[in-house]
Amino acid sequence: MLIRSAPGDAPRSPELHRRLRWLVVVVAGVFLILIGRLWQLQIIRGDEYYELARSNVVAERFLPSVRGKILDRNGTPVADNRPAFHIYVTPRLLDDAGAARLIEILRLDPDEAARLKERLAVARQRHPGRAAMVLEDVGRDRRGLVAQARLELGNGVEVRDEPYRDYPFGTVAAHLIGYMNQPSSKELVDLEQHGYDSSEFIGRYGIEKEWEPFLHGRRGIERFITNAKGEKVDDPSKDDLIQGPKFEAPVPGNDVVLTIDLRLQQIAEKAVKSASAAAAAVVEVDTGRILALVSTPSFDPNVMTGHLTRAEDDRMKDDPRMPYVDKTLQQHYSPGSTYKIVVAGAALQDGLASQHEKLGCQREYKVGRRVFHCLGSHGVIDMLEAIQRSCNIYFWKLSERVGIDRMAEVARDFGFGAPTGLGLNSEVPGRVPDKAYYDKAGGFQIGNTLNTATGQGDDAVTVLQLLMAYAAIANGGRLYAPQLVQKVVAASGEVVAEYQPVQRRRIKLSAATLDVLRQGMWRVVNAPGGTAYEGGRSRLIDIAGKTGTAQVRSVRQSEADRSSGDWHPTRAHAWFAGWAPAFEPEIAVVVLVEHGGHGGAVSAPIARQIIEGYFTEIKHMPMPLEPPPADLLQKLKKKAKKP
Amino acid sequence: MRLAEKSIALSRASIGSNRWRRFLARFDWPLFATMAVLAAIGLLNLYSATARTPHYGKFQQQILWMLAGVGCYVIVTAIDYRTLHRMAWFGLVAALIAIVGVRLLSDPIKGSQRWLEIGGLTLQPSEIAKIAIIVGMARLFHDRSMGEMKSWAELAPPLVMIGLPVLLVAIQPDLGTSILLALIVASVSFLLAVNLWPAVIAAGVAVCLVPLFWDKLLGYQQDRVLAFLDPSADPTGAGWHTQQSIFAVGSGRLTGKGFLEATQNHFNFLPEHWTDFPFSVWAEEWGFVGSVALILVFGFLILWTVNVALQARDRFGTAICLGMAAMLFWHVVVNIAMVIGLAPVVGVTLPFISYGGSSTITFFVGLGLVSSVSLRRSGY
């Protein structure tokens, strides 16, 4: 039943041949397309794909470097490193379902889950083959959970044990030390040029930010051959695919040694605890080295570094006392009576007044049609008494002689109106108003001069500026640049850099002028009737200084409602600026209690505690003891005789 | 008596040896040699693809498949292809039953049901169905000589017979095989049909049906097609295979990385590359030169098969050879296009290079048919 066909009976129809010609054209055409595509892939873009295929199998694992410590002047670390567990994800090895499962396994809250997803998305876009940190500083529990789910999650998820920033003293000196967190994807573009890895934290505030280049070491790299599952492949024959050394050791960062004395910092923080928002600063008058720098309320850098929740962040930002702001230099305030050194200094220096000149104060002072009020009726007093009792009318009268522009000149000489140059936390310049300023602001009036003289005009200073100015008065006119970092030391112990005190200039006030100011300010604290006599006088040591009570001008009702404890936006700022010992000065201190009330009553006691703490606990000056009770002495004598 | 018996035995032996000699003389050696070259390349490549992996056993398995394939090839060559004329419709029905059987009987492997398990061996009826359809088409075009192919009524039953398996495979669902079947049917029709209009209309209808079938496709199939249209959209998902395959091919550059040096494949960046992506292994290790050489070998095999078609003694043989040429052509083109990112990832094997029993045996049997046609081209 075969088909009946004979040899040579082939269907050689011309139609088939015609179509077969087309067939050959089509086959050749299609094969040419394939070959063309191969040409494009292998010849034109071959090198590019070779590189991509190479990077597929060469894994780079970054070895963390140990960040330099931040030490106080005695070598106590205030920023250190501790071991911690971090969760790393290699995006290529973990799809979205795997990421969702990871979130489920770790029982992340929505906040953490969102952060993890965001970081994973960034990493996926940047280096899908490279492990990136998605969750920092997880506890032992979560580390265990990941270890348990190892088989399920595959090689895409791993827990690494790496050093993590630790601030052993918590909120102490937080604004000064600062904190760290992960850079954004935008910043990374630039940071990667400088040898950073996306998993590394960078300093965000304080010393951590400004001294980042010194503190940050250089991460090491381990390069090895890996398969698609991310497993390390031990195949020496493929080692030539690795470009660069197989192992680069990490280089640790440098330690930064501060001029801060942690003990004094703690004394100062304890002293301002009574105030709900305050700033305090202490400096060595002969070097400009900062000993303590306090701003409250504060934040905990351990929380800020990788553990800040959105709720906590919102709470901090909502707080009217502004915990995120460094009140020693990021915020300026009306100086109140502490600013009277300007007008007094100018008047004495220019010979427009002498310390013996007596002027009357009857509580009211008329200038044109306006009436200005003094805090009390001080009677006829000389300049020392005017300083001692902080008489406004005395200095208003002087200010009319000196004039606004001359006051501004002296103020600038003291360092007001320009940053002190500490180089930290975007220091504000403050404000020194002159006639031109008031003209622009709405027309100069003589009242502006008066208000400026007593620190109630548009003049504004930072705690740090006032500190350096008072230190200059104390040390005989040398205005120093404040210094916070003593030296930078490499991990090997080698000193990389050491910083000497920098004297900016000599203030253009004569020794005699400064002496009058110093005597007046001794009386503020030590003479009965002085504004700080009740609050600032120490049994231990002679303190000199000046109080200030800066009235706060009208605030909006909405702001007035945002009060917190003692803190109320309508209350005056309480100042005390001074130094000790009064006639052989070692340290200068400024205390500001924000909306704290009267400077003499509120800030002076804080300053006294800080000064006493410095001389007893750091300088070990013996506290004068009260004589022991008579009966105790007798008992002791009896006991001594018996044996 | 004894002598007579002896002479008969002698004459039988001489007839036998004569047949054997004639068989060897008429045997299509160029066809066999080309196929052997491809099979050798396939084994070499499979060795490289599986060496030092847990899958190295596949190399020996494939050698067994190839030996079985060569056996089938010789047997099919020896059988007169014209006997298949009678069995064409029977073969189609058997293929249909097998396809339906897969659907009804087997456990789902890898999401779609394509394998039929018989005594430990898994068989893919859709592969065998290709041969059945080619033979069925050959009978169709043989029975109705060119002048008769005009009446729709006459054309309908055989078209249904051929169209049904295509449809069933598509439902199975095996997108790659059903597209290939459709392409083979279309190619042979364009070559042999007198009146092209029925074929054009059928093709038009098929294209119009695609959107209807889109929703019927499984999720992963849709993903693959979408990933092909925009590979960068989901680099970890469906686009991953294509992307990694392109890296592999491109990184071979002009002369390749050398035998056993394909990192993309050794380190598993292409899962199961020995079935669907063997060309990427080849291209990575032997570069542009090796890739083009392999394509040229395939080109020669296809043109040789077309040449056999032209010399066949009847339309049945011509149609079988053209069908086989079309099958080879489309397998090669779709597989390579998929590897180099010119087509979505569909499960289409590369003849003689891909690992797998069903595919290997199918191509040996198919070319065995061509060999059979070639053997009988002029009085055998």
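**An antiparallel sheet in chain A and a domain contact in chain B**

In strand E22 of chain A, Trp579(A) is the bridge partner of Ala544(A), as seen in this predicted model. The residue Ala544(A) belongs to strand E21 (544-550) of chain A, and E21(A) is joined by 7 bridges to E22(A), which spans residues 573-580 and runs antiparallel to E21(A). These two strands belong to an open sheet of 5 strands in chain A, ordered E12-E11-E23-E22-E21, in which the pairing is antiparallel. The edges of the sheet are formed by E12(A), residues 290-296, and by E21(A), each of which pairs on one side only. On average, neighbouring strands of the sheet are turned by 5° against each other when direction is ignored. Helix H11 of chain A, comprising residues 262-271, packs on this sheet and touches both E11(A), residues 278-284, and the edge strand E12(A), with the direction of the helix making about 30° with that of E12(A).

In chain B, the domain assignment distinguishes domain 1, made up of residues 29-78 and 233-380, from domain 2, which covers residues 81-214. Contacts between the two involve 25 residues of domain 1 of chain B and 27 residues of domain 2 of chain B. On the side of domain 1 that touches domain 2, the elements giving two or more residues are helix H14 (315-339) and helix H15 (357-375) of chain B, and H14(B) gives the most, with 13 residues. Classified by residue type, this side of domain 1 of chain B has 14 nonpolar, 9 polar and 2 charged residues.

Definitions and conventions:
Residues are numbered from 1 along each chain as its sequence is written. Chains are lettered from A and ligands numbered from 1 in the order in which they are written. This is a predicted model: local features need pLDDT of at least 70, side-chain atom pairs count only at pLDDT 80 or more; totals for chains, interfaces and linings use all residues. Domain bounds come from an automatic or database domain assignment. Two residues are in contact if their C-beta atoms, placed from the backbone, lie within 7 Å. Helices (H or I, at least four residues) and strands (E, at least two) are DSSP runs, numbered from the N terminus. Ala, Val, Leu, Ile, Met, Phe, Trp, Tyr, Cys and Pro count as nonpolar, Asp, Glu, Lys and Arg as charged, and the others, Gly among them, as polar. Two strands pair if DSSP finds at least two bridges between them. Axes are lines fitted to C-alpha atoms, for helices over the stretch in contact, and angles run from 0 to 180 degrees between N-to-C directions.
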